[in-house]
Amino acid sequence: MLHVDLDQFLAAVEVLRHPELAGRPVVVGGKGDPTQRAVVATASYEARRFGVRSGMPLRTAAKRCPDAVFLPADNAHYEEVSEEVMATLRARPGVVVEVMGWDEAFVGAETDDPEAVARTIRADVLERTRLHCSIGVGDNMLRAKLATEFAKPGTGDGVYRLTAANWAEVMFDRPTQALWGIGTKTARKLADRGIATVRELAAADPAALAAELGPALGPWYVQLGRGIGRAVVEGTPWVPRSRSHETTFQENLTDWADVRTEVAALARRVAAEISRADRPAVRVAVKIRYAPFSTYTRSATLDAPTTDADRFAAAALDVLELFGSRRPVRLLGVRAEFPPV
DNA sequence: TCTGGGGTCCTAGGACCC
DNA sequence: TCTGGGGTCCTAGGACCC
C-alpha cells in the first residue's frame, strides 16, 4: 500500500495562486495577521528554514522570520483542491483510496512494483494539480505512513519503502516519538519506564504496559514499536461521529451575556450543518477555555435526537449553566454528537 | 512558543441495576 | 446492617492527529 502526502500543501496552493511568492517564505494561518491570536497551519520550506513550524503562534513565526509573507487560511479553497487531488488518486483503476485529511491519503493497490505505481501517481498529481507529493510504500498503514517522512524533499527523493524487511534497520535506533501515535506525553511516560527507543518499545512486555498505560493503549504501543499496523485500506466513506465549531476570541469575554450569545450562535451554526447533513444530534457538548488557558467541557444527552436550531441552541445554553465559574473566557466551542453506528 | 480549529479514540470513576 | 460482584451507561478529561 501507498501513503500519499502533499508537500507543504497550503503554502503550495497559495503559491500557485500567487506565483510571485515562489521561493519566498510563506506562512498560512488564521486571518493572515501575525499580531492576532492564531497559529501556523502550514509554512513553506523557505519559512521552515527559519524555524517556523505548524502549530506555532503566528506572532512567534513573525519573530523568527520577519520577512515571511503571512496569508489567511482559505479552507474552502483547500477543500476544493484536495478534492481534485483525491479524484486523481481514485481515477487509477483497481485502487482503494482512504482519505486521512486535506493533504494525505492511503492508496491500496495490487502490484508487483509499488515504486513504479508511486512514481506514476506523483506524475499524475503534478500534471493535474501542479502540486508535488511524497509517497511512502509499506506493508501496512503504519509503515507506509512513516515511510513518507523519508521520501520528503530534503530527506528523500519522493518515494521510500518501509516494510518488515528494513523496519529494524531504519527505525530501531529512533526515539519512540518517531512513531505515528506516540506524542510528547507518551514518549515521556515510556522514557520514565526505561523505554526510549523503538527497539526498546518493540521488546517491552505488553502486559506490563497494559497495567501502567491502559489495557488497550499499552499493548498497542508495543505493536507500534514492532511496526505492526492495519494492512487493509478501507475505501468505504467515513461517517462522522461529531460536528463542532469553536472560536478563540481576540479579546477575552468578560460579560456572561456575551458568552451566552456566542454559545447560542455557535450552536446554531452546528445545527444548520447537521440539519443539512440530516444527522440528528443525540448529545451536545460545550467547551470553555478560561483565560489564560484552562479548558473544560460539559455535555448532556438530549431528550430526543434533533437537528432543530432552536432546540439545539437551548440545550447548549442549558449545558453552559453547568459551568460553575464565570471567569474571563478565551474560547468557546459547541459540539454535536451522533449516535454510534 | 502566551499557545487555532476540527476531529478521533481511550480511560477511569460514578451511577445504577440485578 | 457498611456489605458482593458483574455489567452497562454516562460523563470528563487526556492524548493524539491533520
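The paragraphs below lead through a predicted model of a protein with DNA, beginning with an annotated domain and its sheet and then turning to DNA strand B and DNA strand C.

A useful place to start is the annotation, since the UniProt record, an unreviewed entry, places the feature "domain: UmuC" at residues 1-183. Within the model, this span is 37% helix and 19% strand, and the C-alpha atoms at its two ends lie 25 Å apart.

The next element to find is an open sheet of five strands, which follow one another in the order β5-β6-β1-β7-β8 with mixed pairing. Its edges are formed by β5 (96-101) and β8 (159-162), each of which pairs on one side only, and from one strand to the next the twist averages 20 degrees. To see one of the pairings in detail, the reader can follow β1, residues 2-6, alongside β6, residues 104-108, where the two strands run in the antiparallel sense and are joined over four bridges. Within this pairing, Val4 has Ala105 of β6 as its bridge partner.

Two helices can then be placed against these strands. Helix α5, made of residues 114-129, lies across β1, β6, β7 (133-138) and β8, and runs at about 160 degrees to β7. Helix α6, made of residues 141-151, lies across β1, β5, β6, β7 and β8, and its direction makes an angle of about 140 degrees with β7.

With the sheet and its helices in view, the reader can turn to DNA strand B. There are 24 residues around this strand, and those that come nearest are Arg241, Ser242, His245, Glu246 and Thr248. Of the atoms of DNA strand B that come within 4 Å of the protein, sugar and phosphate account for 77%. Individual polar contacts to phosphate oxygens can be picked out as well: an N or O atom in the side chain of Ser242 is 2.6 Å from a phosphate oxygen of DNA strand B, a polar side-chain atom of His245 also lies 2.6 Å from a phosphate oxygen of this strand, and for the side chain of Arg59 the corresponding distance is 3.5 Å. The elements that give two or more residues to this surface are α3 (58-64), β9 (242-253) and β12 (329-337), and β9 provides the largest share, with seven residues. By residue type, the surface near DNA strand B divides into ten nonpolar, seven polar and seven charged residues.

DNA strand C has its own surroundings, made up of 19 residues, of which Lys145, Gly181, Thr186, Arg283 and Ser299 come nearest. Here sugar and phosphate account for 100% of the DNA atoms that come within 4 Å of the protein. At Gly181 it is a backbone N or O atom that lies 2.6 Å from a phosphate oxygen of DNA strand C, whereas at Thr186 an N or O atom in the side chain is 2.7 Å from a phosphate oxygen of this strand. Asp103 offers another kind of contact, with a polar side-chain atom 3.0 Å from a sugar or linking oxygen of DNA strand C. At least two residues of this surface come from each of β5, α8 (184-192) and β11 (294-306), and β11 gives the most, with five residues. The residues near DNA strand C divide into five nonpolar, eight polar and six charged. Strand β5 therefore links two parts of this account, for β5 is an edge strand of the sheet and also supplies residues to the surface near DNA strand C.

Conventions. Residues are numbered from 1 along each chain as its sequence is written. Chains are lettered from A and ligands numbered from 1 in the order in which they are written. This is a predicted model: local features need pLDDT of at least 70, side-chain atom pairs count only at pLDDT 80 or more; totals for chains, interfaces and linings use all residues. Side-chain values use heavy atoms; hydrogens and water are left out. UniProt positions are given in the numbering used here, feature names are shortened, and annotations may be inferred rather than shown by experiment. A residue is near a molecule or strand if one of its heavy atoms lies within 4 Å of it. A polar contact is a pair of N or O atoms within 3.5 Å; within protein, one must be able to donate a hydrogen and the other to accept it, and residues adjacent in sequence count only if both atoms are side-chain atoms. Ala, Val, Leu, Ile, Met, Phe, Trp, Tyr, Cys and Pro count as nonpolar, Asp, Glu, Lys and Arg as charged, and the others, Gly among them, as polar. Two strands pair if DSSP finds at least two bridges between them. Axes are lines fitted to C-alpha atoms, for helices over the stretch in contact, and angles run from 0 to 180 degrees between N-to-C directions. Contact means heavy atoms within 4.5 Å.
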